[in-house]
Amino acid sequence: MTIDLTETSTSAIASALQQARQRLGGPASGMVLTLVIVTDEAAQYDAVRAANEAAREHPCRVLVVITRRPTAGPRLDAEIRVGESSPGETLLLRMYGPTGQHADSVVAPLLLPDTPVVTWWPGTPPEDPADNPIGMLAQRRITDAAAGPRGRRAGSP
């Protein structure tokens, strides 16, 4: 099942998830973690495909953060995939304008309670993932070393 929400809010997204879960047979989620993927539109397909393969063994909520048009007006669009189209729950969160500057505020209410949070940057990671606002939400952070800067960190011996 796929649910498209345009110009939405985190409370509307949470409500749509709850309703979808009930339509599919039960309110329990059975998820083992929340995986937050920070990517761009071009790379999201491959990242979601990889996450869905992992979710077949370890059901999880996948939150895909895609920042689009930073100079546009504030807007949040969501594509929710649950059921046969996706193991677990997959949410593509497209953020426009200032909303993308505060993606952590959008992501935080959608984290599963009492489960670990992992943030993954499949492309270029932030300079310090642990200090990144979305990285701070996570207990674990995954980066692609090949996409990051090479050599020693500034200030290291």
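This is a guided tour of one protein chain, with a suggestion at each stop of what to select next.

**The whole chain**

Begin with everything displayed as a cartoon, and keep in mind throughout that this is a predicted model. The secondary structure of the protein chain comes to 4 helices and 7 strands, and if you follow the chain from the N terminus, these elements appear in the order β-α-β-α-β-β-β-α-α-β-β. Colouring by burial is a useful second view, since 41% of the 157 residues of the chain count as buried. Among contacts with a separation of 6 or more, 67% are accounted for by residues 24 or more positions apart.

**The sheet**

Next select the strands. The 7 strands form an open sheet with mixed pairing, and reading across it gives the order β1-β4-β5-β3-β2-β6-β7. At the edges you will find β1, residues 2-5, and β7, residues 140-143, each of which pairs on one side only. Neighbouring strands of the sheet are turned against each other by 15° on average, with direction ignored. Strands of a sheet pair through backbone hydrogen bonds, either parallel or antiparallel, and the next stops show an example of each kind.

**The edge at β1**

Select β1 and show its side chains, which alternate along the strand: Ile-3 and Leu-5 point to one face and are buried, whereas Thr-2 and Asp-4 point to the other face and are not buried. Add β4 to the selection, and you have two strands that run antiparallel and are joined by 4 bridges. Within this pair, Leu-5 has Ala-78 in β4 as its bridge partner.

Keep Ala-78 in view and add Thr-10, which lies in helix α1. These two residues are 68 residues apart along the chain, yet their C-alpha atoms are separated by 9.2 Å. Leaving aside residues up to four places away in sequence, Thr-10 touches Leu-76, Val-106, Pro-109 and Leu-110.

**The two helices across the sheet**

Now select helix α1, residues 10-23, which lies across β1, β3, β4 and β5 and runs at about 15° to β4. Then move to helix α2, residues 44-57, which lies across β2, β3, β4, β5 and β6 and runs at about 175° to β3.

**Strand β6 and its neighbours**

Select residues 117-121, which make up β6. Is this strand enclosed or open to the outside? Of its 5 residues, 5 are buried, so β6 is largely enclosed by the rest of the structure. Both of its faces are covered, with Val-117, Thr-119 and Trp-121 buried on one side and Val-118 and Trp-120 buried on the other.

Adding the flanking strands shows how β6 is held in the sheet order, between β2 and β7. The pairing of β2 with β6 is parallel and extends over 4 bridges, and β6 and β7 also run parallel, joined by 4 bridges. Trp-120 is a good residue to centre on, as Ile-37 stands opposite it and Ile-142 in β7 is opposite it as well. A little further back along β6, Val-118 stands opposite Arg-140 in β7.

**The second largest pocket**

With Trp-121 still selected, turn on a surface and look for the second largest pocket, whose volume is about 290 Å³. It is lined by 17 residues, and the closest to its centre are Val-38, Val-65, Thr-67, Trp-121 and Ile-134. To see which elements contribute, select β2, β3, α3 (98-101) and α4 (103-107), each of which supplies at least two residues of the lining. Colouring the lining by class gives 7 nonpolar, 8 polar and 2 charged residues.

**Two loop residues**

The last stop is at two residues picked out by their backbone angles. Most residues other than glycine have a negative phi. Arg-69, although it is not a glycine, has a positive phi of about 35°, and you can find it in the loop between β3 and β4. With a relative accessibility of 52%, just past the cut-off of over 50%, Arg-69 counts as exposed.

Finally, go to the loop between α4 and β6 and select Asp-114, where phi is again positive, at about 60°, in a residue that is not a glycine. Asp-114 is exposed too, with a relative accessible area of 83%.

Conventions. Residues numbered from 1 in each chain as written. Predicted model: local features only at pLDDT ≥ 70, side-chain atom pairs only at ≥ 80, totals over all residues. Heavy atoms only, no water. Pairing = 2+ DSSP bridges. Axes fitted to C-alpha atoms, helices over the stretch in contact; angles between N-to-C directions. Contact = heavy atoms within 4.5 Å. Buried < 20%, exposed > 50% of the residue type's maximum accessible area, 1.4 Å probe, protein only. 1 Å grid on protein atoms, 1.4 Å probe; cavity = no way out; pocket = protein on both sides within 12 Å on 5 of 7 lines; lining within 4 Å. Points joined across faces, edges and corners; volume = space filled by probe spheres on them. Nonpolar A, V, L, I, M, F, W, Y, C, P; charged D, E, K, R; others polar.
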